[in-house]
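Visitor: I should like to take a close look at one part of this structure, with attention to how its elements are packed. Please proceed step by step once the structure is in view.

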Amino acid sequence: MSLTSFPRGLKSQPPATPYTKVTMPALTEMKRQGKPISALTAYDYPSARLVDEAGIDLLLVGDSLAMVVLGHDNTLAVTVDEMLHHTRAVRRAVQRALVVADMPFGSYHASIAEGLRNAIRFVKESGAEAVKVEGPRIELVRTIANAEIPVVGHLGLTPQSVHRMGGYRVQARTAETIRQIKADALALADAGAGALVLEGVPREVAEEITAELPIPTIGIGAGPACDGQILVLHDLLNLTGAPPAKFVRQYADAASLMRTAIEHYREDVEHHVFPSDAESYHLPAPVQRTLAPEAESDPDDALVNQDALQSWAS
Ligand code: KIV
């Protein structure tokens with residue numbers, strides 16, 4: 001365990017500047033005002049805290065969790081319980097952003113009733129403020145929205161359909177499929193979706209859908225005309241270990257930063273340079289004097305958090 005871990009019961013620090021909680025209606029208002037919506041994925045407490053503190057509007061606990069955190073080849077294997085577990089951690093960290101939980105493959109495919117039951121679980125058991133479902137599932141979206149749960153739709157390249165699509169391919173490139181995706185987008189908005197993710201579609205198609213819809217579009221690999229943009233956090237930080245897709249911009253190389261730090265740590269351990277005396281605890285002065293009368297105690301030890309020490313000792 002870590003003595004430098006977050007103190008028990010302490011939530012994230014209050015933000016330095018006042019903030020207004022982002023809600024689904026607030027996203028529609030941003031579209032109306034022409035304000036771009038920023039969105040990112042996150043899957044755990046520390047990364048969600050950073051994303052929220054950076055002022056990102058929408059935080060998606062994506063089922064990309066399956067690939068970038070759990071190491072699966074695609075998103076299909078991740079379960080409702082795993083998604084709930086990660087959404088809870090994210091929710092604890094977030095104060096401002098809208099927290100959206102992705103409904104995983106199998107959680108809404110058997111029946112609308114089961115989809116609704118699982119959507120309710122995300123709200124009740126993880127604190128999600130909205131759920132996202134892939135594909136033109138119009139009646140499911142209508143049912144979830146009617147149950148007072150904000151829903152985000154997702155069209156275009158929908159990774160849960162990887163086997164049907166025959167791989168991860170850009171969608172809506174023919175007149176017929178363009179007509180279909182536009183009709184699906186309008187139907188989802190009409191059914192009560194509060195926003196729509198457009199993934200892997202030509203920018204011209206995304207632009208037309210964005211212009212026609214009353215709800216915001218959030219693009220990923222869908223060009224700059226969408227009302228907002230979303231990326232997978234691990235893509236943006238170079239933490240996937242795979243070459244990035246064309247639409248990904250890497251804003252930092254966290255992999256190399258982490259690798260260097262871990263290698264330095266290993267070297268320090270191997271060379272007996274870590275831990276130093278200053279990084280060690282010392283006996284209280286009276287005990288030290290009994291055991292080794294000439295040794296001095298370290299006044300910094302008094303600063304160690306007593307709660308933490310107790311749990312460390314137990
Ligand atoms: O699971 C995911 O990360 C997504 C994307 C829209 C980023 O669905």
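At what angle do helix H2 (residues 45-53) and helix H4 (residues 80-93) cross, and within what distance do their axes come?

Guide: It should be said at the outset that this is a predicted model. The axes of H2 and H4 come within 8 Å, and the two helices cross at roughly 40°. An angle of 35 degrees or more but below 65 falls outside the ranges counted as roughly parallel or roughly perpendicular, and H2 is therefore oblique to H4. As to hand, the crossing in which H2 passes H4 is right-handed. On the H2 side, the residues that make the contact are Tyr45, Ala48, Arg49 and Asp52; H4 contributes Ala89, Val90, Arg92 and Ala93. Sorted by class, this contact holds 5 nonpolar and 3 charged residues, with no polar residue.

A second pair of helices may be set beside this one. Helix H5 (residues 112-126) packs on helix H6 (residues 138-146) at an angle of about 40°, and their axes lie 10 Å apart. H5 and H6 are therefore oblique to each other, and H5 passes H6 in a right-handed crossing. The contact draws on Ile112, Gly115, Leu116 and Ala119 from H5, and on Glu139, Leu140, Thr143 and Ile144 from H6. These residues comprise 5 nonpolar, 2 polar and 1 charged.

The strands offer a further view of the packing. Strand E6 (residues 195-199) is mostly covered, with 5 of its 5 residues buried. Ala195, Val197 and Glu199 point one way from E6, while Leu196 and Leu198 point the other way, and all are buried. E6 pairs with strand E5 (residues 151-156) in the parallel sense, over 5 bridges; in this pairing, His154 has Val197 of E6 as its bridge partner. E6 is also joined to strand E7 (residues 217-220), by 4 bridges, and these two strands run parallel. Here Leu196 stands opposite Thr217 of E7. Val197, the partner of His154, and Leu196, which faces Thr217, thus point in opposite ways from E6.

Finally, the chain as a whole gives the setting for these parts. Its secondary structure comes to 13 helices and 8 strands. Of the 314 residues in the chain, 41% are buried. Among contacts between residues at least 6 apart in sequence, 59% join residues at least 24 apart.

Technical notes
Residues numbered from 1 in each chain as written. Predicted model: local features only at pLDDT ≥ 70, side-chain atom pairs only at ≥ 80, totals over all residues. Heavy atoms only, no water. Axes fitted to C-alpha atoms, helices over the stretch in contact; angles between N-to-C directions. Parallel < 35°, antiparallel > 145°, perpendicular 65-115°, else oblique. Left-handed = near helix turned anticlockwise from the far one by under 90°. Contact = heavy atoms within 4.5 Å. Nonpolar A, V, L, I, M, F, W, Y, C, P; charged D, E, K, R; others polar. Buried < 20%, exposed > 50% of the residue type's maximum accessible area, 1.4 Å probe, protein only. Pairing = 2+ DSSP bridges.
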